[in-house]
Amino acid sequence: MAYVSNRYDTELLKRLHSFGIDKFSQSRLTGWIECPAAELIRLAGGAKDSPGSAAYVGNAFEAGAVTGAARPEMDIEECVAGGLLQLQHETAVMPDVEREKILRQTGERIRTGVRELRKLGLAEMVPGWEPFSTDFDHQFKIRYEPEWSPLPIEGWVDALFPEAGVMVDTKAPVSSTKARSSWLRQGALYAAGTNYEFRILAVMPDVTRGPNKGPKFEWTTLHTPAAHLEIFKHAIGSMCRVLMLSEDIQEIAAYFAPDLDHYRLNGPRTQQSANDL
């Protein structure tokens, strides 16, 4: 089994630190699970492409919806305007029709998100938080130190609702509100590091016609964290074993035959980095 047998193994810790790894994150572990080659490129310092419009939409949705939950006195349209401010800049070079659609649909997501999050009560934010911020330092850091990991695991949660005992991660999916395995794994880490229940709020643009016309969203509550943590346990074990193969990342990369069509390797700069490695 791909487990770390001794979390205090000095040689292992030395090797991890030599690759610039002093902690694990949910995103790094998920990346390793889905596409080890992409993580090897990251460790090698390879160039990567800028995030796509989906990432920008997700940030704008989170910024507007979470601000609405933390500022109940704020009108929903103020939340929409603030959430869209950065997105307007990031989409400035898009064709007008595509840009207008993205801005309109993201506004719809924010309205739905604010309404749903406010049902949980007042969101607690970290000291120094500013409305509409997308800075990680303005999110709650979760730190988890399980006995099966040689390094702490850290993550950032979108919003905490102390009165409800709930933490929420917001998602702005492209095609479906159904919770993905990676989202639930993320929640398992966060729930293990706190006493909060973990929920996902996935929001799509409004349905404009048909019997289901109106807001489209789905709440998912994490019920089986242990099974998801087991996957991370294997991921950490396999990553550690692979990185112990050599001090040279290129030697390690020689053991892999990546699928260059994988979405994590999309983009000309990332593709070039994969070929170089």
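**Exercise 1. Work out the strand order of the open sheet and find its edges.**

Start with the order: four strands form an open sheet, arranged 4-5-6-7 with mixed pairing. Strands here are DSSP runs of E with at least two residues, helices are runs of H or I with at least four, and both are numbered from the N terminus. Two strands count as paired if DSSP finds at least two bridges between them. Next, the edges: strand 4 (159-161) and strand 7 (214-221) each pair on one side only. Finally, the twist: neighbouring strands are turned by 30 degrees against each other on average, direction ignored.

This is a predicted model, where local features need pLDDT of at least 70, side-chain atom pairs count only at pLDDT 80 or more, and totals for chains, interfaces and linings use all residues. Residues are numbered from 1 along each chain as its sequence is written, and side-chain values use heavy atoms, with hydrogens and water left out.

**Exercise 2. Describe how strand 4 is joined to strand 5.**

Look at strand 5 (residues 166-171): three bridges tie strand 4 to it, and the two run antiparallel. Then pick out a pair: Leu160 sits opposite Met167 in strand 5.

**Exercise 3. Place Thr112 and decide: buried or exposed?**

First, locate Thr112 in helix 6 (residues 96-118). Then check accessibility: Thr112 counts as buried because its relative accessibility is 3% (buried is under 20% relative accessible area, exposed over 50%, partly exposed in between; 1.4 Å probe, protein chains only). Last, list its contacts (heavy atoms within 4.5 Å): leaving out residues up to four places away in sequence, Thr112 touches Val203, Asp206, Pro215 and Phe217.

Technical notes: Axes fitted to C-alpha atoms, helices over the stretch in contact; angles between N-to-C directions.
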